[in-house]
Amino acid sequence: MAKGDPSRVGFLFGRLLDLVYPPSCGCCGVRLRDGRGLCDECGAGLPRLAAPFCQRCGEPFEGEIGGVFDCPNCGKLRFAFEFARPALKWDEETRQLIHRLKYDREIHLAEELGRLAAEALRDPRFADALTGAWPLVPVPLHRSRLLHRHFNQSAEIARVVGRVSGLPVVSALRRIRRTDTQTRLSRGERLRNLAGAFAVSRTGKTWMTRVGGVILVDDVLTTGSTVESCAAALKAAGFKRIQVLTVMRG
Ligand SMILES: [Zn+2]
Ligand SMILES: [Zn+2]
């Protein structure tokens, strides 16, 4: 993230507010220091995604699964990304933390959500990305939404993942078209809504020939249509391998 980046200014302003009103744990309310947003106990209590789960979209399954299973989300779909790996299962407490980061601008929560997302890099499927130092690419917001929100939650989460993992964070994508809110749309409708919404940035193009792949970073994976549109844009521009990391499975 560049110094003059408006999202950076929003982030710094949020940190300034944290100094004036020291944050308390996002779950239990205990007072915290050092820009933390969750106490250790509450952070440890959020439900991690654990096997068995879909190896493409991270949808968890109940009980023991032997052999091949059909994921209701993926079915026989093809994706431009290899797999999406959420760190956490869907959970009301986590959902609220993400909501408060995005809509209540509780910037300190990005620190916690980023640390949680980074835990998922232990998934052995990220081995090539870690050894090859693939860049983390945040899902971009459209400029108009960035102006309204002052920061991009995915970029803030990626920044923390980058710090924890040592991977570079590269704004390789731009959102070139504003899209309507997607919450009530089906996957097919979302994909149509998002067609042509993303493009590889000038910075992204300079990285393309240097890296074996990228890790897309987003806050929540719901139908996967947003990351799919991003991955399709990266692929079309020449990026070969795309993996996806999110905080939570929506
Ligand atoms: Zn707590
Ligand atoms: Zn799936």
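The following is a short exchange about a predicted model.

Visitor: What is the secondary structure of the chain?
Guide: The model is predicted, so local features need pLDDT of at least 70 and side-chain atom pairs count only at pLDDT 80 or more, while totals for chains, interfaces and linings use all residues. Residues are numbered from 1 along each chain as its sequence is written, and chains are lettered from A and ligands numbered from 1 in the order in which they are written. Helices (H or I, at least four residues) and strands (E, at least two) are DSSP runs, numbered from the N terminus. The chain comes to 10 helices and six strands.

Visitor: Is Thr131 buried or exposed?
Guide: Thr131 lies in helix H5, residues 127–131. A residue is buried if 20 or more other C-beta atoms, placed from the backbone, lie within 10 Å of its own, exposed if 12 or fewer, and partly exposed in between. Thr131 has 9 other C-beta atoms within 10 Å, and therefore it is exposed.

Visitor: Which class does His150 fall in, exposed or partly exposed?
Guide: His150 lies in the loop between helix H6 (143–149) and H7, and its phi is near 75°, a positive value in a residue other than glycine. Because 16 other C-beta atoms lie within 10 Å, His150 is partly exposed.

Visitor: How is H4 oriented to H7, oblique or parallel?
Guide: Axes are lines fitted to C-alpha atoms, for helices over the stretch in contact, and angles run from 0 to 180 degrees between N-to-C directions. The axes of H4 (residues 108–119) and H7 (residues 153–165) come within 8 Å and cross at roughly 55°. Angles under 35 degrees count as roughly parallel, over 145 as roughly antiparallel, 65 to 115 as roughly perpendicular and the rest as oblique. That crossing therefore makes H4, relative to H7, oblique.

Visitor: Which residues of the largest nonpolar core touch the most other members?
Guide: A nonpolar core is a set of buried Ala, Val, Leu, Ile, Met, Phe, Trp, Tyr and Cys residues joined through C-beta atoms within 7 Å. The largest one has 54 residues. Those touching the most other members are Leu113, Ala117, Leu216, Val217 and Val247.

Visitor: Where is the cis peptide bond that leads into Pro52?
Guide: Pro52 has its place in the loop between helix H2 (40–45) and strand E1 (84–88). The bond has omega near 0° and runs from Ala51 to Pro52.
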